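Colleague: I've got this model open and would like a close look at one part, plus whatever else turns up around the chain. Start with a single segment and follow its side chains outwards, please.

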Amino acid sequence: MIKHLIAMAWALGSASMLSAQPAQPDSAPQTAVVTSQAEDVRFRNEDADRMTVPVRLSGSGPYRFLVDTGADRTAISRELAARLRLVPAESAQLHDMVGVSTVETATVPDLQFSRIGVKIDRAPLLESVNMGADGILGTDTLDKQRIEFDFIGKTMLIMPSAAREAVDEPGTIIIEARRRNGRLIVTNADANGRQVVVVIDTGSQVTVGNAALRRQLLARARVDPSHVVDLVSVTGEHISGEYMFLRNLEMSGVTIQNLAVVFANAHTFKQLKLDDRPALLLGMNAMRAFKKVSIDFAKRRFRVVVPEHSEADVRLASAAN
């Protein structure tokens, strides 16, 4: 019998992202304009802003896995599964940005990225060249954790959501979020003054917008079409999108200016029931505008630390950052 999984990938050029089937602090509210038991795991800043961490499988490795908060399933490369002789599992329906395809899966008996190992049932098997890594960590392994990207120190902290948080440093803003299909979603947001739903997605190199948002912005002459780019799914399929700049994206007192966005008619938005509602997948080109980004799925919080110079009108460099 074929099981249904939800899996997505976004890539600009060769980078890839998988996605599968918040209150302010007690201090006074902040407004910032930006451009665009803890386990301390050092990540590597790969090409195209891919974030990878060392992962061990059944004692072997370490292997490079992407950290993808937009993925509800952990995936592994077909090549690595064959090398480790993982036991095949039932086939699955994989939803990527182009549509739905049937993929093979395997059981991962012991996946370890901290001191605690987990078993992964029916992990989708994908080509490493399409993922850009040996595998992908999804929310099925991160949903009870809190992860923090420190872009200055180039480290990533992974800790239980229940662990006490450090004292908030200056520039900290906590954004309330919701959960949908395993993803963290911000509904209190607007793009150029118009309401938009924002999906937090560390696996995407660039921020992706849907057709509903594109129509809304173009109808008011708020963005100008630029040029067409190619997005590549984890299954190797392609879809084109228009590369534009969003003047302002505001989320609970944080404003990102001149944000590069690719508008594409992607299957992801349909899977999230957001195809008829203006929506964005917030990618790494936006998150790198901050000093730190913390994502807590259990508490449904998206926490950012803005840089000291953010109170000035600092521009977010595009996807080239």
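Modeller: Here's the walk, beginning with one helix and its partners before moving on to other spots.

First the ground rules: this is a predicted model, in which local features need pLDDT of at least 70 and side-chain atom pairs count only at pLDDT 80 or more, while totals for chains, interfaces and linings use all residues. Residues are numbered from 1 along each chain as its sequence is written, and side-chain values use heavy atoms, with hydrogens and water left out.

For orientation, the chain has six helices and 28 strands (DSSP runs numbered from the N terminus: H or I over at least four residues for a helix, E over at least two for a strand). Of its 321 residues, 58% count as buried (buried is under 20% relative accessible area, exposed over 50% and partly exposed in between, with a 1.4 Å probe and protein chains only).

Now zoom in on helix 4, residues 211-219, where Ala 212, Leu 213, Gln 216 and Leu 217 are buried. Those four span an arc of only 125° around the axis, so they sit on the same side of helix 4 (the arc is taken from the directions from the helix axis to the C-beta atoms). What do the buried residues of helix 4 pack against? Their partners are strand 19, strand 20, strand 24 (238-251), strand 25 (254-263) and strand 26 (contact being heavy atoms within 4.5 Å).

Helix 4 also has a charged link. Arg 214 meets Glu 242 in a salt bridge, 2.6 Å from N to O (a side-chain nitrogen of Lys or Arg within 4 Å of a carboxyl oxygen of Asp or Glu). Since Arg 214 belongs to helix 4 and Glu 242 to strand 24, the pair ties together parts 28 residues apart in sequence. Arg 214 is partly exposed at 26% relative accessible area, and Glu 242 is partly exposed too, at 23%.

From there, look along to the aromatics. The structure holds two aromatic pairs (Phe, Tyr or Trp rings, the six-membered one for Trp, with centres within 6.5 Å; planes under 30 degrees apart are stacked, over 60 edge-to-face, the rest tilted). One of them is Phe 149 with Phe 151: the centres are 6.1 Å apart and the planes at 10°, so this pair is stacked. Tyr 243 and Phe 245 pair edge-to-face, 5.8 Å centre to centre with 85° between the planes. Both Phe 149 and Phe 151 are buried; Tyr 243 counts as buried at 9%, whereas Phe 245 is partly exposed at 38%.

Strand 19 and strand 20 come back when you check the backbone, with Asn 192 in the loop between strand 19 (189-191) and strand 20 (194-195). Its phi is near 55°, a positive value in a residue other than glycine, and Asn 192 is buried at 8%. Lys 273 has a positive phi as well, about 60°, and is found in the loop between helix 5 (267-271) and strand 26 (279-282). At 70%, Lys 273 counts as exposed. As background, most residues other than glycine have a negative phi, and most peptide bonds are trans. On the peptide-bond side, Gly 61 to Pro 62 is cis, omega being near 10°, with Pro 62 in strand 8.

Back to charges: there are six salt bridges. Glu 127 pairs with Arg 78, their closest N and O atoms 3.0 Å apart. Glu 127 is in the loop between strand 12 (117-126) and helix 2 (128-131) and Arg 78 in helix 1 (residues 78-84), so this pair joins parts 49 residues apart in sequence. Arg 78, Glu 104 and Glu 127 make up a network of salt bridges. Arg 303 and Glu 148 form another one at 3.5 Å, N to O. That pair links distant parts of the chain, strand 28 (residues 301-305) for Arg 303 and strand 14 (residues 145-150) for Glu 148, 155 residues apart. Both Arg 303 and Glu 148 are buried.
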